[in-house]
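User: I've got a model open and I'd like to go through it with you. Could you take my questions one at a time?

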Amino acid sequence: MQLTISNSSDRPLYEQIYTQIKVKIMSGELKEGEALPTIRSLAQALKISVITTARAYGDLEKDGYIHTVTGKGSFVAPRNEELFREDTLKQVERKLTEAVELARIGGISDDELRAALELLMGE
């Protein structure tokens with residue numbers, strides 16, 4: 001599994017790992033039941049602390065994206081459609097908020113913004 005982390009990012013390393021694995025799961029790149037690298041091997045590959053990797057895995061498990069079997073490792077959890085939908089909705093709301101803020105800054109009216117959204121949705 002290919003992950004890229006940056007020490008110069010404002011986001012903590014564990015969050016970078018969490019986000020990249022979550023995206024791979026949600027996009028289907030990582031399939032249900034697929035084994036993840038062990039915490040120790042991922043930490044070695046990324047040249048970071050085992051504690052940092054363990055925190056990312058712990059958060060992924062807490063949020064329902066992976067499950068851990070003692071002595072066997074961590075695996076992609078069965079896809080929870082409600083969790084997937086909720087996460088997608090949060091992302092859409094975040095991007096729409098950015099679009100509304102940009103429209104306000106640019107002097108675009110609500111009607112123009114609605115028309116643009118309807119046009120995009122019609123495509």
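User: Is Lys22 buried or exposed, and what about Asp87?
Analyst: The cut-offs are under 20% relative accessible area for buried, over 50% for exposed, and partly exposed in between (1.4 Å probe, protein chains only). This is a predicted model, where local features need pLDDT of at least 70 and side-chain atom pairs count only at pLDDT 80 or more, while totals for chains, interfaces and linings use all residues. Residues are numbered from 1 along each chain as its sequence is written, and side-chain values use heavy atoms, with hydrogens and water left out. On those terms, Lys22 and Asp87 are both buried.

User: How far apart are the closest N and O atoms of Lys22 and Asp87?
Analyst: The two form a salt bridge, meaning a side-chain nitrogen of Lys or Arg within 4 Å of a carboxyl oxygen of Asp or Glu. Lys22 sits in helix H1 and Asp87 in helix H4, so the pair ties together parts 65 residues apart in sequence. Helices here are DSSP runs of H or I with at least four residues, strands are E runs of at least two, and both are numbered from the N terminus. The closest N and O atoms are 2.7 Å apart.

User: How many salt bridges does the structure hold, counting that one?
Analyst: Side chains of opposite charge can pair when their charged atoms come close. Another example is Asp63 with Lys62, where the closest N and O atoms are 3.8 Å apart. The count for the structure is seven.

User: Which residue does Asp111 form a salt bridge with?
Analyst: The closest N and O atoms of this pair are 3.3 Å apart. The two are three residues apart in helix H5, so about one helical turn separates them. Asp111 counts as exposed at 58% relative accessibility, and its partner counts as partly exposed at 47%. That partner is Arg114.

User: Which residues of H3 are buried?
Analyst: Seen down the axis of H3, they fall within an arc of 135 degrees, so they line one face of the helix; the arc is that of the directions from the helix axis to the C-beta atoms. The face turned away from them carries exposed Ile51 and Lys62, Lys62 having a relative accessible area of 63%. What covers the buried side includes helix H1, helix H2, strand S1 and strand S2. The buried residues are Thr52, Thr53, Ala56, Tyr57 and Leu60.

User: How far apart are the end C-alpha atoms of H3?
Analyst: H3 has 13 residues, 50-62. The expected span is 1.5 Å times one less than the number of residues, so H3 should span 18 Å. The model agrees, with its end C-alpha atoms 18 Å apart.

User: What is phi of Lys47 near?
Analyst: Most residues other than glycine have a negative phi. Lys47 is in the loop between H2 and H3, and at 73% relative accessibility it counts as exposed. Its phi is positive, near 60 degrees.

User: Which residues make the nonpolar surface patch?
Analyst: Nonpolar patches join side chains of Val, Leu, Ile, Met, Phe, Trp or Tyr within 5 Å, using residues with over 30% relative accessible area and no salt bridge. This one is about 370 Å², with areas from the Shrake-Rupley method and a 1.4 Å probe. Helices H4 and H5 are the elements that give two or more residues to it. Its members are Val92, Leu96, Leu117 and Met121.

Terms used: Patches are made of residues with over 30% relative accessible area and no salt bridge: like charges are joined within 9 Å, nonpolar side chains (Val, Leu, Ile, Met, Phe, Trp, Tyr) within 5 Å. Contact means heavy atoms within 4.5 Å.
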